[in-house]
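Here is a short report on one protein model. Please look at the sequence and the structure before reading on.

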Amino acid sequence: MGIWRIQIATVAFIGWLLVAPFAPARVEPTHGFDLFSPQEEIQAGQQAAAQVELQLPLLPESDPIVRYVQRLGERLAAHAPGEKWPYSFHVINQKEINAFALPGGAIFVNLGTIQAADNEAQLAGVLAHEISHVVQRHGTRAASKQMAAQLPLALIGGVMGNTTLSRAAQLGISFGIGSYFLKNSRQSESEADLLGTDIMYDAGFDPHQMAVFFTKLQEQSGKQGAVAQFLSDHPDPGNRAGAVSQEVATLPAKKYRVNSAEWASVKKRADGLTPMNAEQIAAWQKDHSVAPAPQAGGVSADASMLQFDHGDYRIAYPENWRVASQANSSIVIIAPKSGSVNDVVVYGVTMGNYRSDKAGVGFGGAIAGLVDSLRHSNPDMREVGQPEDIRVNGVAGKSVDLIGHSPEAGENGKAMRERDWLVAVERHDGVLIYLVFAAPENDFEELRPVFEQMLKSLKLK
Ligand code: ZN
């Protein structure tokens, strides 16, 4: 690596003498075996991100801390090499120091991490490090290795219309909370440190502060349990500080940014808040949940309803359910807190929009395409009977009953059957707005009144 760097620097230097401005050496993102297409990677990440929103207390997007982290994250992501992933930045109202990145660019940082940072560059370092995990596609690369180990290669992707996403779903591979694939190897860590160093440098932050922060966590971890999670997700590859310094030494000297005025006010606000600890979050998750089967949702049709306002539509939902939606995704999940297992909604409704990629197939053809695309995340699902015509508040729609395997195991440990009720209505521009109401087969009838009440409230904009 060292010799290669020198050559690049020499070439760049000669180039500068002739015409071009000086272009210092940069770490190249590594590439590896990855079964996920960029599109599949984004889809897998968005599904996981919707679940994170259901399962962890996020600070609202309107909070000045969140707006600041978004701006800081975007400033850093602008310097990320490789694929342009749809980055998004979120703050979890949690005391323990941690941060993680989902495939495709959703990055979550705990409020405790902001409280622990001594300066803006340290927080930037955490974000640059997470952005680097996204650039290097560490999550899907780890999952791909796992899939290859479990399946003969000939069976993965491309055959019989199966996509990597559907194969991953069959193998129970997902990227939500607690996913094995969010725990990084030491090799991944050292790659993220190096790439993160360059991103920090290019954005004008002192890259050493990234290593300073990680080293501080390492030193504190013996004294208090609070940092254990961060270090278990991002294990020390050894001599972090040395590796960063070595990389910085290959770059021209530079005057780094000092703390912004905004940082001072955000830091003050963050320090004044009392985020939830892991135990409180566990209790909060229980509070927000509705007992699972056999009481199903435990929600009756006359429970109070709240309104969810989406750019495309408005819908009512039971007040003790929660809404998860991502700014950069059309997918919305409304479900009881305990309504999902392994990133799949077991009880509740998933909404989205769908545009057929084939022209002139009509509403019926578009529905068939939609069912096919939904099968990607639930390959065992099959239609029961034919799609039926229905009207939703005066708008023509189709209703399709589907049945598949539930991700939740029954009492005897065997897979349960899941009922899915798909309703789609066609917007004036031909895009389908769809809802998938899901429940284990045994509980579906109990939940049907709630689902029907939600559907009746649906108004397209
Ligand atoms: Zn890491």
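In which sense do strand S6 and S7 pair, and over how many bridges? Strand S6 (residues 322-325) and S7 pair in the antiparallel sense, over 4 bridges. The model behind this reading is predicted.

## Overall make-up

The protein has 15 helices and 15 strands. Of its 461 residues, 51% are buried. Contacts between residues at least 6 apart in sequence were also sorted by separation. Among them, 66% join residues at least 24 apart.

## Strand S7 and its partners

Strand S7 covers residues 332-335. Val332 and Ile334 point one way from S7, while Ile333 and Ala335 point the other way. All of these residues are buried. In a regular strand, side chains alternate between the two faces of the sheet.

S7 is paired with S6 and also with S10. On the S6 pairing, Ser325 stands opposite Val332 in S7. Strand S10 (residues 348-354) runs antiparallel to S7, and 3 bridges join them. Ile334 has Val349 in S10 as its bridge partner.

## The mixed sheet

An open sheet of 3 strands has the order S1-S3-S2. Its pairing is mixed. The edge strands are S1 (88-92) and S2 (99-101), and each pairs on one side only. Neighbouring strands of this sheet are turned by 15 degrees against each other on average, direction ignored.

Strand S3 (residues 106-110) pairs with S1 in the parallel sense over 5 bridges. Ser88 stands opposite Ala106 in S3. Val91 has Val109 in S3 as its bridge partner. On the other pairing, S2 and S3 run antiparallel and are joined by 3 bridges. Here Ala99 has Val109 in S3 as its bridge partner. The hairpin of S2 and S3 has 4 residues between the strands. In this hairpin, Gly104 takes a positive phi near 85 degrees.

## Why S3 is enclosed

How many of the 5 residues of S3 are buried? The count is 5 of the 5, so S3 is largely enclosed by the rest of the structure. The cut-off for buried is under 20% relative accessible area. Ala106, Phe108 and Asn110 point one way from S3. Ile107 and Val109 point the other way.

Two helices are placed against these strands. Helix H3 (residues 64-77) lies across S1 and S3, running at about 145 degrees to S1. H5 packs on the sheet and touches S1, S2 and S3. The direction of H5 makes about 145 degrees with that of S3.

## The zinc site

Which residues coordinate the zinc ion? They are His129 (NE2), His133 (NE2), Glu189 and His234 (ND1). Glu189 is listed with OE twice. The coordination spans 2.0 to 2.7 Å. In sequence, the donor residues are spaced H-x3-H-x55-E-x44-H.

The pair of His129 and Glu189 links distant parts of the chain. His129 sits in helix H5 (residues 120-135), and Glu189 sits in helix H8 (residues 186-203). The two residues are 60 residues apart. Are they buried or exposed? His129 is buried, and so is Glu189.

## Enclosed space

Rolling a probe the size of a water molecule over the atoms shows where empty space is left. The count comes to 2 cavities of 30 Å³ or more. About 120 Å³ of space lies in the largest cavity.

The largest cavity is lined by 15 residues. The closest to its centre are Ala101, His133, Gly139, Leu182 and Asn184. One of these, His133, also coordinates the zinc ion. S2, H5 and helix H6 (138-150) each supply at least two residues of the lining. H5 gives the largest share, 3 residues.

## The antiparallel sheet

Another open sheet has 3 strands in the order S4-S5-S15, and its pairing is antiparallel. S4 (305-309) and S15 (459-460) are the edge strands, each pairing on one side only. S4 and strand S5 (residues 313-318) pair over 5 bridges. Asp309 stands opposite Arg314 in S5.

Helix H15 (residues 441-457) packs on this sheet and touches S4, S5 and S15. The direction of H15 makes about 155 degrees with that of S5.

How values were computed
Residues are numbered from 1 along each chain as its sequence is written. This is a predicted model: local features need pLDDT of at least 70, side-chain atom pairs count only at pLDDT 80 or more; totals for chains, interfaces and linings use all residues. Side-chain values use heavy atoms; hydrogens and water are left out. Donors are N, O and S atoms within 2.8 Å of the metal (3.2 Å for Na, K and Ca); water is not among the atoms, so sites may look incomplete. Buried means under 20% relative accessible area, exposed over 50%, partly exposed in between (1.4 Å probe, protein chains only). Two strands pair if DSSP finds at least two bridges between them. Axes are lines fitted to C-alpha atoms, for helices over the stretch in contact, and angles run from 0 to 180 degrees between N-to-C directions. Contact means heavy atoms within 4.5 Å. On a 1 Å grid over the protein atoms alone, a cavity is a set of points where a 1.4 Å probe fits but cannot get out, and a pocket is an open set with protein on both sides within 12 Å along at least five of seven lines; lining residues have an atom within 4 Å of a point. Grid points are joined across faces, edges and corners, and a volume is the space filled by probe spheres set on the points.
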